[in-house]
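Student: I've got a new structure to go through. Can you walk me through it?
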Amino acid sequence: MTEEEKKEDDVRVGVFICHCGSNIGGLIDCKGLADYAGTLPGVTHSEDNLYTCSETGLTAIKTAIKENNLNRVVVASCTPRTHEPLFRECVSEAGLNPYLFNFVNIRDQCTWVHMKDAEGAYAKAADLVKMGVAKAEKLEPLDMIKLDINQVGLVIGGGVTGISAALNLSRQGFKTYLIEKEAQLGGRLNNLYKLFPHDIDASEIVNRLISNANNPKNLEVLTSTQIVNIHGFVGNYEVEITQNGNNKTLKVGTIIVAVGSSLLDPKGLFGYNGQNIITQYELEPKLKNNQIKAKDIVMIQCAGSRNDKRPYCSSVCCMTALKNALIIKEKNPDTHISILFRDLYTPGTEYEEYYRKAREKGIIFINYDVDRNPNVEENQVRVYNEYIGEDMLIPYDLLVLSTPLVANTDNKVLAQMLKVPTESNNFFLEAHVKLRPSDFATAGVFIGGSAKWPVDITESIAQGYSAASRASTILSHKTIEVDGATSNLPVYNKNLCSGCEICMKVCPFHAIVKNEDDEIEIIEALCKGCGVCGATCTNQAIVIKHFTDDQIMSEILAYGGK
Amino acid sequence: MEKSSKSALVIGGGIAGIQAALDLADMGIHVDMVEKKPSIGGRMAQLDKTFPTNDCSICILAPKLSECYRHPNITLHAYSEVQKVEGTAGNFTVEILKRARYVKESECINCGLCAEKCPMRVEDEFDRELRKRRAIYMYYLQGVPAIMTIDKEKCLWFTKNACRICEKACEKEAIDFDQQDQTITLNNVGSIVVATGYNLIEDFEKEALNIYGYGKFRNVVTALEFERMECASGPQGGHIKRFSDGVTPKKIAFLQCIGSRSDRYKKYCSSICCMYTTKEAMIAYEHDNSLESYVFYIDMRAGGKGFQSFLRRGASDYNIDYIKSKIAQIDIDKDENPIIVYEDYDDGKIKQLKVDLVVLATCIIPPEGIEDMAKLLGIELNDYNFIKTTPFIPVETSKNGIFTCGCVHEPMDIPRSVTEASGAAARAAEVIRGG
């Protein structure tokens, strides 16, 4: 039977209730819920599974589709955020259009949020299942939208992350643009002296990367270049750039964000004066030029971080302090160096060994508590030592503050152009912290390095490669399929459209335009199906596919609306 | 991009191997994935939830397992091992030993009838030996591929020449006692990604846990055991009970740096324990809001994204008390309640705390058999016996064309493992595409 014929046929819904281990099954009676679902109109099959998403569960769905000739499938389980693609693919493998699947969220929205009210959670789950089945009956098959891909990569930011990403993409065979706003590549690395944990010259790494970047066949490096605007969608981005006053548009398939981070302005921190009270970052060139003659050096960790204003750990400062202290000790073993710290951050094998080395070399580590910050006085630091229960006075002729990396102030501008989010500290926010660390939720845009979160050089390079890998999964293909559940102005509704243009103004994705005939046109590839246009359309001319008025009304009526 | 004639080999089917394989496969490169265990999933499959989002671990992993299994560009060799590697970058020849499951993969539907009837009960490795499984078994409930396996070492037919009850129980006639190990040869392998993960110190150096009473006191458990205890599909069905009397603990002590940052055992920091400990304490609190947790630590190491906020939440919302301290010894009272004697670094005093349960955050160590693996591949190990990589050239081993990611070269959390896995895939693709 073809899909068309099935559609003509009676609606036959299969409902699958997932226990999600004990996430759902531990609170409510899934077997009972499945039995209840079996009594709903249109439902010809219902069952409960311990994990509907396991291979066993997926096989059960496919078997049920075949055996009961199902033409709609409802899964009531965790969340569509992580699992909708899986179930869509599953029903599609059994010969059903993937849009004839409907997800009902009974974990996040029932058993998790109402974990103290099992009865209420069950009642709500039953309602949601009833509504889900009602909507399923009204579902229509839809096609995915096929897009051509411009197999060209763009990397924004010519620091260590961006160079690594761009080199990899170009070596994979993709034409790649690398954009840097400064006149030279290398980013923050240009101002550092040596790099932990092997104390090699930063310039060595920069030079190696830059010489590689200057000599590949597919890579075009554009320095002194800034982004003006970005349009388009996955596979087809148009990036307006300006280089020395000349504007140009680059057509690319994917974009990697590697814009790095900024330094915290240290003014007002621990008596900072830029003279004998400086930051680690300011110490670097002084070390390089052999200008450090101080005999008593104190370093203060977490200067401006891990507080209420900046609650995060900048993760690179402990190793930076250790490295600079060791360099000084090496040059002049008689220097007294004390590091005032809260929790020393040297995870893993080599970093912990580096910490041991620093202690062996006679660097003094003194713990302080955030509630009793060190007090910087003239020529001495007063720090309360909890262990001995009294203040310690440590003399200094150089005080070095380990200040955190902070998010670039212009991240928001770029984020808006790319339609990607930032988090509370203004760093870019990836699609999923755990399993999609290099992706944005926006298709075709990727992230790496300290633009996302403070990371050291080694991790930045790995993240650059990672972003390149993710971009390559798109650039390797000539076409891509994207979600077909978009906004739509059907031909039969065209006479309803008054051309008021409200939809154009509210669309956050710039997906609605007026064409040559002065008619509203929706660019489906840009549309994310958010529905704002449909909700605001004064004449109800716009239809949101997969969320039609009819489908949503059926849910409301099933719940008890009139 | 044209489809490449060269393929990639991914060794290890944990989250790192899975991500590397999926990326390469999505680039249009064929991947052979080799996993020693009967199912892929690795350590992440054993975890209850994951920090800092507290997502249910298997729930977010399962779609990836499925994807790996169904991907047209991935051939999954589970219950298999690499036994020979020859050649150089761009053109390796690899021999895989595919061990007999004594169950026909094409027939088994994982209905479990065989295991129900199997009379042999053996320690369940996946559940850290906290319960028994049968001699014919699924490695774990949601395992992929979802095929039963006969444990030849334990099966009565193989050990005593008696039984074969599973054969009668199976309605699909999937049991095949005559099945043989197979050797599979892969030619034209362009690059290799090694992602064989890690073991824990208690797996091989249990003595590192002795001073904490592990093995002697029933109410001292390891963190991975506790992970299984919290898990809904674990041996206690998600209801945490201590082993001496089955009572739900109201006071739990979490001890950090067990075997790590130590002069006697491992000098290095195991990287992930501060965070997973906080997560375990949070989840335990969600099970029982009257729970008090105490974390005994040296330094709280929480540098990753959102990690500091996570610790703050632990202290403010989940009744977790963080104590900077040094553990002196652990004893028990007559009710087997552990008593911790420690030096409190905040005031330098020696104190005691009686708790109901102790959880040990044990150290990550290189995976079993890493020396053999290194020899086989011709790659170097570092001073700690992890795979040797060089800072600034991450994910590269000492041999061209062989890349690595995840805990097999350095203790790290899941986000970093996933990042490195994609990174390794990118570099592997460079070699395959001749860049």
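Tutor: Start with a term: on a 1 Å grid over the protein atoms alone, a cavity is a set of points where a 1.4 Å probe fits but cannot get out, and its lining residues have an atom within 4 Å of a point. Grid points are joined across faces, edges and corners, and a volume is the space filled by probe spheres set on the points. This is a predicted model: local features need pLDDT of at least 70, side-chain atom pairs count only at pLDDT 80 or more, and totals for chains, interfaces and linings use all residues. Residues are numbered from 1 along each chain as its sequence is written, chains are lettered from A in the order in which they are written, and side-chain values use heavy atoms, without hydrogens and water.

Student: OK, how many cavities of 30 Å³ or more does the structure hold?
Tutor: Nine. The largest has about 120 Å³ of space.

Student: Which residues lie nearest the centre of that largest one?
Tutor: C497(A), C500(A), C503(A), C537(A) and I542(A), out of 16 lining residues.

Student: And the second largest, what's its volume?
Tutor: About 100 Å³. Its lining has 15 residues, with C302(A), R306(A), C313(A), C318(A) and Y345(A) nearest the centre.

Student: New topic. What's the strand order in the open sheet?
Tutor: β2-β1-β3-β4 in chain A, with parallel pairing. Strands are DSSP E runs of at least two residues, helices H or I runs of at least four, numbered from the N terminus. Two strands pair if DSSP finds at least two bridges between them.

Student: Which strands are at the edges?
Tutor: β2 (43–49) and β4 (101–105) of chain A.

Student: How many bridges join β3 to β4(A)?
Tutor: Five. V75(A) stands opposite F103(A) there.

Conventions
On a 1 Å grid over the protein atoms alone, a cavity is a set of points where a 1.4 Å probe fits but cannot get out, and a pocket is an open set with protein on both sides within 12 Å along at least five of seven lines; lining residues have an atom within 4 Å of a point.
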